[in-house]
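Grab the viewer and work through these exercises one step at a time. Try each task yourself before you read its solution.

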Amino acid sequence: MSDLPDPHLLLDVALTIAREAGELLARGREGTVAAETTKSSPTDVVTALDRASEALVAKRLGELRPGDGLLGEEGSDSAGSTGVRWIVDPLDGTVNFLYRLPNWAVSIAAEVDGEVVAGVVHAPTLGATYTAVRGGGAFRDGTALTGSTVTTLAGALVATGFGYLESSRAAQAAVLTRVVPRVRDIRRMGAASLDLCAAAGGLVDAYYERGLKPWDHAAGGLVAAEAGLRVGGLHGRPASEDLTVAAPPALFGPLTDLLAEDPPADRD
Ligand code: IPD
């Protein structure tokens, strides 16, 4: 496809819209936030603000980038005609948001011909905006990020998360019982995009999760990779629902080997 846009221009669009959606959510959070409905299971909540945020992102992308495709957590799914597709989690960390915990974010990634080239994870309550363009490094509010260089499982603080289906959680808990004794400690912070950014910034040494959807890892995965971490899945495959791992290169193999000992969890 000729005439593909400069990833930096796509990043600017993503930043503008993520800030607008973040403002909408931050304002909404001042009022009453209630679970409006559930999706895959009774614990998989959606608030009216998840939907309002996705509607805002879709509308603004339509204005700024007409013809692009869009895949969003709350149902947007269009291929577009330009070679650019946006992958959006309009509110990652919905349960944190509901409980007024600070770890929630708007995650927007731009994919060109199937490859993520720009990503923003904007977390208003944390006061943090993570950005990356493929080949251009990763940043938190303009400061360059480099991930951990820890090389051993025993020395690694590892973030992870859980899906919403009872059967997924049971399988994830079984994996966790094997991981916990082998690592420094575990963190469960509640927003996959921000877990990936935490790994990018060295706030944790590594992150893994099974069952992630593209909107959970598209932007944060690019931020982590651009911070020097290896991001991928099982057996050399890309990050996917089967497994997403972000870890320092020397730790990636031992961590995925440990995780691969169990069959993949059911999906939400
Ligand atoms: C969830 C969060 C959570 C992760 C789940 C995701 P949502 O996204 O990122 O940390 O463990 O797998 O589904 O539902 O808050 O957008």
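**Exercise 1.** Keep in mind that you're looking at a predicted model. Find which residues of the largest nonpolar core touch the most other members.

*Solution.* Step 1: colour the 27 residues of that core. Step 2: pick out Leu-10, Leu-25, Val-57, Leu-61, Trp-86, Ile-108 and Ala-118, which touch the most other members. Step 3: look for the elements behind them. Helix 1 (7-30), helix 2 (48-64), strand 5 (84-92), strand 6 (105-112) and strand 7 (115-123) each supply at least two core residues. Helix 1 gives the largest share, with 9 residues.

**Exercise 2.** Work out what Ala-118 is in contact with, leaving aside its neighbours within four places in sequence.

*Solution.* Step 1: use a cut-off of 4.5 Å between heavy atoms. Step 2: list the partners of Ala-118, among them Pro-7, Leu-10, Leu-11, Ile-108 and Val-133. Step 3: don't stop there, since Leu-222 is one of its contacts too.

**Exercise 3.** Describe what surrounds the ligand, by class and by polar contact.

*Solution.* Step 1: sort the shell, and you get 6 nonpolar, 4 polar and 6 charged residues. Strand 5 brings the largest share of this shell, 3 residues. Step 2: pick the ones that come nearest out of the 16, namely Asp-92, Gly-93, Tyr-164, Ala-192 and Glu-209. Step 3: check distances from a ligand oxygen to a side-chain N or O atom. You'll get 2.5 Å for Glu-209, 2.8 Å for Arg-188 and 3.1 Å for Asp-89. Step 4: look at the cover. Alone, the ligand exposes 380 Å², and the protein buries 95% of that.

Note on methods
Residues numbered from 1 in each chain as written. Predicted model: local features only at pLDDT ≥ 70, side-chain atom pairs only at ≥ 80, totals over all residues. Heavy atoms only, no water. Core = buried A, V, L, I, M, F, W, Y, C linked by side-chain atoms within 4.5 Å. Buried < 20%, exposed > 50% of the residue type's maximum accessible area, 1.4 Å probe, protein only. Helix = DSSP H or I, 4+ residues; strand = E, 2+ residues; numbered from the N terminus. Near = heavy atom within 4 Å. Polar contact = N/O pair within 3.5 Å; in protein donor to acceptor, adjacent residues only side chain to side chain. Areas by Shrake-Rupley, 256 points an atom, 1.4 Å probe, with all protein chains shown as cover. Nonpolar A, V, L, I, M, F, W, Y, C, P; charged D, E, K, R; others polar.
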